[in-house]
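Student: I have a model open and would like to go through it. Can you take me round?
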Amino acid sequence: MDDKPDIVVLHVGSNNIHDKVNPEILAKDIMNIGKKCIAHGVSEVYISEILKRKSMILKGKIVQVYNILSAMCEENDFYFVRNSNITSEYLWRDGLHLQDSGTEILSYNTTSVLNRRFIQNSMHNNYI
């Protein structure tokens, strides 16, 4: 029996982002998780953008990680799930955790990217 998944969606890094974090190191760490998935036989890796926070310092760090990680995803043929439509209004008062409405948007963002990819694959397979 083959228990390995074909697809992995990584939504990581939110708890690791703080004012002393090096954005490049965090982005590389996230990318390394994706590379380990591929090394273990996963076909496709989707990396979800770290969600914005209310803190201005953290917002800047998140943007830096976003820029580095989105470029690394392109270089490694990983798929990047953008979450720019999840603003601080979708966070609880703690400025960290998503309200239900934010969770729904996160789910929508992820399934939209997955669905687009499945449609592309199915169209490609129909033309082969």
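Tutor: We can take confidence, then the sheet and helices, then the pockets.

Student: What kind of model is this, and how are residues numbered?
Tutor: Numbering starts from 1 along each chain as its sequence is written. This is a predicted model, where local features need pLDDT of at least 70, side-chain atom pairs count only at pLDDT 80 or more, and totals for chains, interfaces and linings use all residues, while side-chain values use heavy atoms, leaving out hydrogens and water.

Student: What does the protein chain average in pLDDT?
Tutor: The average is 90, and 92% of the residues score at least 70. pLDDT is the predictor's confidence in each residue, from 0 to 100.

Student: Which element has the lowest mean?
Tutor: Helix α3 (residues 100-126), at 86, while strand β2 (residues 44-48) has the highest, at 97. Helices (H or I, at least four residues) and strands (E, at least two) are DSSP runs, numbered from the N terminus.

Student: OK, the sheet. What is the strand order?
Tutor: The order is β1-β2-β3, in an open sheet of three strands with parallel pairing. Two strands pair if DSSP finds at least two bridges between them.

Student: Which strands stand at the edges?
Tutor: β1 (7-10) and β3 (79-81); each has a single partner strand, so one side of each is left without a neighbour in the sheet.

Student: How many bridges join β1 and β2?
Tutor: Four, in the parallel sense. One bridge partner of note is V45 in β2, which is paired with V8.

Student: Where do the helices go?
Tutor: Helix α1 (residues 23-39) packs on the sheet and touches β1 and β2, with its direction at about 160 degrees to that of β2. Contact means heavy atoms within 4.5 Å. Helix α2 (residues 56-75) lies across β2 and β3, at about 150 degrees to β3. Axes are lines fitted to C-alpha atoms, for helices over the stretch in contact, and angles run from 0 to 180 degrees between N-to-C directions.

Student: Switching to pockets. Which elements line the largest one?
Tutor: α2, β3 and α3 each give two or more residues to the lining, and α3 gives the most, with four. A pocket is an open set of points on a 1 Å grid over the protein atoms alone, where a 1.4 Å probe fits, with protein on both sides within 12 Å along at least five of seven lines; lining residues have an atom within 4 Å of a point.

Student: Which residues line the second largest pocket?
Tutor: Among them are H11, N15, R53 and H97.
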